[in-house]
Amino acid sequence: MIEIKHVSKWYGDFQVLNDCTTFVSKGDVVVVCGPSGSGKSTLIKCVNGLEPFQKGEVTVDGVKVGDRKTNLPQLRAKVGMVFQHFELFPHLRVVENLRLGQEKVLGRSRAEADAKAMSLLERVGLTVHARKYPGELSGGQQQRVAIARALAMDPICMLFDEPTSALDPEMISEVLDVMVDLAHEGMTMMVVTHEMGFARKVADRVIFMDRGEIVEDAAKDEFFGQPRSERAQQFLSKILAH
Amino acid sequence: MFSNFDWDVIARSLPYLFYDGMVFTLTLTALATAGGIVLGTLIAMMRLGGLPVLPWIAATYVNFIRSLPLVLVIFWFYFLVPYIGQWVTGASRPVQVGAFTSCLVTFTLFEAAYFAEIMRAGIQSIPKGQVAAGYALGLSYGKVMRYVVLPQAFRNMIPVLLTQTIILFQDTSLVYVLSITDFLGAASKVAQRDGRLVEMYLFAAAVYFVISFAASSLVRRLQARVAIVR
Amino acid sequence: MSYNWNWNIFFDPSPEGVGTYLSMLRIGLRWTLVTALFSWIMALVLGSLVGVLRTLPSKAAQRFGFAYVELFRNIPLLVQMFLWFFVLPEVVPRQVGLWLKQMPDAPFYTAVVCLGFYTSARVAEQVRAGVGSLGRGQGMAGTALGLTTAQLYRYVLLPMAFRIMLPPLTSEFLNNIKNTSVALTIGLLELTARARAMQEFSFQVFEAFTAATLLYLLVNLVVVTLMRLLERSVRVPGYIMGK
């Protein structure tokens, strides 16, 4: 589904990604972890073209992301993304947030869009807040709405950029529960996160990045059991300590 | 299109334009800025100090002045200052003040309202901890302001103060309504005397542009440097 | 004090024969407000366009936006008025120039156009700051959904940016109203011009200018109140400005 081949990216003189190659098969859940500054957020933003890259190739469902002829809005409609800071549209009510992409990008009717929105809100347990504004919700609630907003587009895969990093600890589990359900339903997911419990539960593979490089890319059991690289071992020991 | 314009008129009138006109403009700008900042700081302190009545006076003054067009204020002071002079000196008739003095009073008092808001923002941006530390050392309110708060506030607001000065520089062109010979007034006089409106006004616009743009570019660079230090 | 006060002067007929001095001032006020409104609409439209240009990733758009803003910000308003009124008719083809010079109400149209451009540069800066204050995340979220750039600005960025900008935009609107007074130099008979005329005809300097002052204060009050109502009606619940 998602193929990343020898991708390199520079910000001016500074290299953020160095020859990254990996893939995410349909139905797989791939977790990307690593210290801050390792380039993991940048890497998944390359998948839906939010970040351009100078070298390499990224293909999503057969469509080349870097190709100038690619219709990016159309591609992005199929790739759902959830952000660290939720990024709900503050001037729109919850249901309107879910409506916007459906109506303006997919061309659905108001009735269709609303039906979809309400069913998704029910799935994440937030129907009672449908007419509220994002500012009136807690962080955990906002993030669940953000996930629903991405799902409303019926995406073929979902990208998560540190979805729980900005949440207070007591709200992390409500968001992770939604993500676990999603994984069990067979959604293709690429998740940047520090939540190793989540990785252990549903990940198929775990990628460890450091300083712009993919250092380790292994099946879950292998990664947690005996990671090959020393950097990965150090990182894991620090993270799993608490 | 530009063939029947006499660009020489600019060269011929340069001494008049700059020695008479620009000197007036720059002097007025410099003095009104200095006076305006001093007065504006006082007004800001009046507003933020804890004394009764003074904050209300300061706020009313600032809001009042800022509601009025500068042109109107220029007319006001042109007529008012002689009467104030009469009242102050106890003369029998309104005192004749020169054009420059009248303008200086006008611009200082007018721009002070704007400088006051800038300084107020500057003073308020200094963390309360600074004041507390000053008091804890035994400094009086006056000394805390003078040695701790104002120096920092002033330094923080330098880019904004400079930008307001550039605005002041451009505002001085409005003395035209009193037929006073500042830079624009001089250009206008030459234009009307020689019938060369296009050349003179384009030249005046170019000069104002070059000076203002250069000054604001310097301020931008200054802002960039200050930002890094913070 | 050797000044003769005469507050009844307002009810005396003005030498222009149109009515009292009071009605003279009232007509001036009307010109002030009409000029301000038309130029403001022009400034909003142009300014929003240029402001948006400055936030686009295209270098050409940004350079144009920068040049536009700097041009209108670094020349005094009065000089700009003169350029539009005196210089423009001379540098365009003869026919156009003649048409411009013979236009009825030329000072009005010139003032509207001049103020429109002048204020649009300031509005552009506000729009740029407003959109900039939203942070990159909002743009990314909208793009990730598949919105085109136009859709992104229309449905996500500009609605929030304008709410954030209401206070500074109110200031600009008030500035625009005050700036109409500069047009008296090209013959627009707005409020300050009328007050000056009243002063020249009647010699009642302070009555004339006090009336003008009070009228400007009144306009100020009305605008600020209306804007505050507008702010309240479009306020987004729960949003902390300047996140």
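How many residues of chain A are in contact with chain C, and how many of chain C with chain A? I began my notes with this, keeping in mind that the model is a predicted one. I found 24 residues of chain A in contact with 23 residues of chain C.

**Entry 1: chain A against chain C**

I looked up the area next, and I noted that about 2000 Å² is buried between chain A and chain C, with carbon and sulfur atoms giving 69% of that area. I then went through the elements of chain A, and I saw that helix H2 (72–78), strand S6 (79–82) and helix H3 (94–104) each supply at least two residues of the side that touches chain C. Sorted by class, that side of chain A holds 13 nonpolar residues, along with four polar and seven charged ones. I looked for salt bridges between chain A and chain C and the count came out at zero, while five residue pairs, both partners at pLDDT 80 or more, are in polar contact across these two chains.

**Entry 2: chain B against chain C**

I turned to the other partner of chain C and listed 36 residues of chain B in contact with 35 residues of chain C. The area buried between chain B and chain C is about 3400 Å², and carbon and sulfur atoms give 76% of it. I asked which three residues supply more than any other three of the area that chain B buries against chain C. They are Trp76(B), Phe79(B) and Tyr83(B), which supply 17% of that area.

I found one salt bridge across the interface of chain B and chain C, and I traced it to the side chains of Arg220(B) and Glu70(C), at 3.4 Å from N to O. For polar contacts between chain B and chain C, I recorded seven residue pairs, again with both residues at pLDDT 80 or more. The elements of chain B that give two or more residues to the side touching chain C are helix H2 (54–67), helix H3 (70–89) and helix H8 (197–229), and of these I noted H8(B) as giving the most, with eleven residues. By class, I wrote down 27 nonpolar, seven polar and two charged residues for this side of chain B.

**Entry 3: how the chains are joined**

I checked the pairs of chains as a set, and of the two pairs in contact, chains B and C share the most contacts. No contact joins chain A and chain B, and their closest C-alpha atoms lie 20 Å apart. For chain C I counted nine helices and zero strands, and I noted that its C-alpha atoms fill a box of roughly 70 × 50 × 30 Å along the principal axes.

**Entry 4: enclosed space**

I searched for cavities of 30 Å³ or more and the structure holds two. The largest cavity has about 60 Å³ of space, and I noted that residues of both chain A and chain C line it, including Arg76(A), Val79(A), Arg149(A), Met153(A), Ala141(C) and Leu145(C). Strand S6 and helix H5 (139–151) of chain A, together with helix H6 (136–145) of chain C, each supply at least two residues of this lining, which I sorted into nine nonpolar, one polar and two charged residues.

The second largest cavity has about 40 Å³ of space, and I listed Ser67(B) together with Leu174(C), Ile177(C), Lys178(C), Tyr216(C), Val219(C) and Asn220(C) as its lining. In chain C, helix H7 (149–179) and helix H9 (205–234) each supply at least two residues of that lining. I counted four nonpolar, two polar and one charged residue in the lining of the second largest cavity.

**Entry 5: an open pocket**

I closed with the second largest pocket, for which I noted a volume of about 750 Å³. Which of the 26 residues lining this pocket lie nearest its centre? I found Thr55(C), Pro57(C), Arg136(C), Gly139(C) and Thr143(C) there. I then looked up the elements, and strand S1 (2–11) and H2 of chain A, together with helix H5 (106–132), H6 and H7 of chain C, each supply at least two residues of the lining of this pocket. By class, I recorded 13 nonpolar, nine polar and four charged residues in the lining of the second largest pocket.

Key: Residues numbered from 1 in each chain as written. Chains lettered and ligands numbered in written order. Heavy atoms only, no water. Contact = heavy atoms within 4.5 Å. Buried area = accessible area lost by both parts, 1.4 Å probe. Salt bridge = Lys/Arg side-chain N within 4 Å of Asp/Glu carboxyl O. Polar contact = N/O pair within 3.5 Å; in protein donor to acceptor, adjacent residues only side chain to side chain. Helix = DSSP H or I, 4+ residues; strand = E, 2+ residues; numbered from the N terminus. Nonpolar A, V, L, I, M, F, W, Y, C, P; charged D, E, K, R; others polar. 1 Å grid on protein atoms, 1.4 Å probe; cavity = no way out; pocket = protein on both sides within 12 Å on 5 of 7 lines; lining within 4 Å. Points joined across faces, edges and corners; volume = space filled by probe spheres on them.
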